[in-house]
Amino acid sequence: MADEEEDYMSDAFLLGLEDTRPGLAFGAAAREYKKETNRKQKETENRVKPLKQRESERREKALSNAIDSSNKGFALLQKMGYKEGKGLGKLGEGRKEPIPLSIKEGRGGLGQESELKRKQEMQQKYLQVAREKRVKLEAKQQEQFREKQKEIFSNKQVDKDLFQSQKACEQLDKAKNLSCNEVWFWPQTLTETDEEEYDEEEYEEDEVEEMESSEKLVILTEYLRRVHLYCIWCGTSFTDDEDLKENCPGDTSSAHDDY
């Protein structure tokens, strides 16, 4: 191989080549991008800051530095005996740090914050009263619901006791060959023929229909105790009046609750 011929596999040939990898290229587009980036950075640095930001920075800078003897107020304090680092007053028992600043922000006038606070307190008070009223109303509704359910249960229990009394009255009357004293003393299980016979009888039907179940139960209970010496809640017949009074707690369902 001649000396003039280049060896493309040698290191000398590779080192002589220019590095033109895409990431390292520095052409016109790259230079323009860098120039634009520098321009935006300078604009950001030279941009005028908002007034509030400038005031805040100046205030923080001023507060971060303690006043010295060049300050007229500080000089007057020193003439009156004040020593730096100690509290105010003759014995140095007063304030050591300056009164903190309370910066007012916003465009509201004097007294606006207190007015807003007063309105917020009134609103909170109103909401509290509304919550209390709602709680009381819910409690009242729950109480009314319980009373209604209790009344429904009580009415059902009265109807049940009345039906038991009617069945007992029918059995006891038939055992003594007694006829039905009142049409409702026995259970109302009538045939069509019986209904026609009862329709022909003269009795105050309207008065019977208007009578409540509780009233019927009182009358029928008194009849069973007086005629048959029987108590539906005890479930037994007694030998005589003395036995009934001594061994039966009373003539109502509630009297037998704890018996």
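**Notes on the predicted model**

1. Let's start with the largest pocket, which has a volume of about 580 Å³. Bear in mind throughout that this is a predicted model. Two elements each give two or more residues to the pocket lining: helix H3, covering 51–64, and helix H4, covering 72–79. H3 provides the largest share, with three residues.

2. Who sits around that pocket? The lining comes to 20 residues, and those nearest the centre are Ile-67, Tyr-82, Lys-96, Glu-97 and Pro-98. By character, the lining splits into 12 nonpolar residues, five charged ones and three polar ones.

3. Next, the largest nonpolar core, which has 16 residues. If you want to click through the members that touch the most others, go to Cys-169, Trp-184, Phe-185, Leu-220, Tyr-223, Leu-224 and Tyr-230. Helix H5 (112–175) and helix H8 (213–227) each bring at least two residues to this core. H5 is the top contributor, with five residues.

4. Leu-224 is a handy residue to centre the view on. Leaving out residues up to four places away in sequence, Leu-224 touches Ser-165, Cys-169 and Leu-172, and also Leu-229, Tyr-230 and Ile-232. Apart from the largest core there is another one, made of five residues, including Leu-229, Cys-231, Leu-244 and Cys-248.

5. While you are in H5, have a look at Ala-168, which belongs to that helix. Is Ala-168 buried or exposed? Its relative accessible area is 9%, so Ala-168 counts as buried, the cut-off being under 20%. Ala-168 and Cys-231 lie 63 residues apart in sequence, yet their C-alpha atoms are 9.4 Å apart in space.

6. On to the charged pairs: how many salt bridges does the structure hold? There are five. As a reminder, side chains of opposite charge can pair when their charged atoms come close. Three of these bridges are taken up below.

7. The pair Arg-118 and Glu-115 forms a salt bridge in which the closest N and O atoms are 2.5 Å apart. Both residues are in helix H5, and because they are three residues apart there, about one helical turn separates them. Arg-118 is partly exposed, at 38% relative accessible area, and Glu-115 is partly exposed too, at 31%.

8. H5 holds a second pair to check, Glu-143 with Arg-146. Their closest N and O atoms are 2.8 Å apart in a salt bridge. The spacing is three residues, so these two are about one helical turn from each other. Glu-143 has a relative accessible area of 36% and is partly exposed; Arg-146, at 46%, also counts as partly exposed.

9. What about helix H8? Here the side chains of Arg-226 and Glu-222 meet in a salt bridge, with 3.1 Å from N to O. These partners are four residues apart in H8, which means a separation of about one helical turn. Arg-226 is exposed, since its relative accessible area is 52% and the cut-off is over 50%. Glu-222, on the other hand, counts as partly exposed at 41%.

10. One last pointer for your viewing session: H5 and H8 both turn up twice in this note. They each supply at least two residues to the largest nonpolar core. H5 also carries the Arg-118 and Glu-115 pair and the Glu-143 and Arg-146 pair, while H8 carries Arg-226 and Glu-222.

How values were computed:
Residues numbered from 1 in each chain as written. Predicted model: local features only at pLDDT ≥ 70, side-chain atom pairs only at ≥ 80, totals over all residues. Heavy atoms only, no water. Core = buried A, V, L, I, M, F, W, Y, C linked by side-chain atoms within 4.5 Å. Buried < 20%, exposed > 50% of the residue type's maximum accessible area, 1.4 Å probe, protein only. Contact = heavy atoms within 4.5 Å. Salt bridge = Lys/Arg side-chain N within 4 Å of Asp/Glu carboxyl O. 1 Å grid on protein atoms, 1.4 Å probe; cavity = no way out; pocket = protein on both sides within 12 Å on 5 of 7 lines; lining within 4 Å. Points joined across faces, edges and corners; volume = space filled by probe spheres on them. Nonpolar A, V, L, I, M, F, W, Y, C, P; charged D, E, K, R; others polar.
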